[in-house]
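This briefing walks through a single protein chain, beginning with the overall arrangement and then turning to a few individual residues. Please keep the sequence and the structure in view while reading.

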Amino acid sequence: MEGTPSYLDYTEVKKTFLEIDGVVKVHNLRIWALSINKNALAAHLAIRPETNPESILRIATTKVHSKYNFFETTIQIEEFTPEMENCQKIRFIE
């Protein structure tokens, strides 16, 4: 059964993404355990309009894989718009 890995801190994972130059907002962040040793992540990263999305995707994927050893990641890159300021979708799967 899938559940939240207790040792992973959502705030830290979100912070890891926000430390990437060009990432403005993280939303729809989901982290869950597929099995004891296999964790998955899905997230949307909103980036500044002048930022290269392919570069952000490469950097973000490398960072979370090396730092947290995720088995599977799905990261969506989208251009930041002011409407995103009120998006609070961070989902904890339990």
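The secondary structure of this chain consists of two helices and four strands, and, read from the N terminus, these elements follow one another in the order α-β-β-α-β-β. The model is a predicted one, and the values below should be read with that in mind.

**The chain as a whole**
- The chain has 94 residues, of which 40% count as buried.
- Among contacts in the chain with a separation of 6 or more, 63% are accounted for by residues 24 or more positions apart.
- The chain exposes about 5,800 Å², and carbon and sulfur atoms supply 51% of that area.

**P5 and its contacts**
- P5 lies in the segment before α1, the helix that covers residues 10–18.
- With a relative accessible area of 6%, P5 is buried, because this value is under the 20% cut-off.
- Once neighbours within four places in sequence are left aside, P5 is in contact with I31, W32, A33 and N39.
- For one of these partners, I31, the separation from P5 is 26 residues in sequence, while the C-alpha to C-alpha distance between the two is 7.7 Å.

**The aromatic pair**
- A pair of aromatic rings is described by the distance of the centres and the angle of the planes.
- A search of the whole structure finds one aromatic pair, which is formed by Y68 and F70, with 6.0 Å from centre to centre and 50° between the planes.
- This pair is classed as tilted, because an angle of 50° falls neither under 30 degrees, where planes count as stacked, nor over 60, where they count as edge-to-face.
- Both partners are buried, Y68 at 14% relative accessibility and F70 with a relative accessible area of 4%.

**Two residues with positive phi**
- Most residues other than glycine have a negative phi.
- N28, a residue other than glycine, nevertheless has a positive phi, near 50°, and N28 is found in strand β1, which spans residues 23–35.
- N69 is not a glycine either, yet its phi is positive at about 55°, and the place of N69 is in the loop between α2 (53–68) and β3 (72–79).
- Are these two residues buried or exposed? N28 counts as buried because its relative accessibility of 13% is under 20%, whereas N69 counts as exposed because its 59% is over 50%.

Terms used:
Residues numbered from 1 in each chain as written. Predicted model: local features only at pLDDT ≥ 70, side-chain atom pairs only at ≥ 80, totals over all residues. Heavy atoms only, no water. Buried < 20%, exposed > 50% of the residue type's maximum accessible area, 1.4 Å probe, protein only. Contact = heavy atoms within 4.5 Å. Phe/Tyr/Trp six-rings, centres within 6.5 Å; stacked < 30°, edge-to-face > 60°. Areas by Shrake-Rupley, 256 points an atom, 1.4 Å probe, with all protein chains shown as cover.
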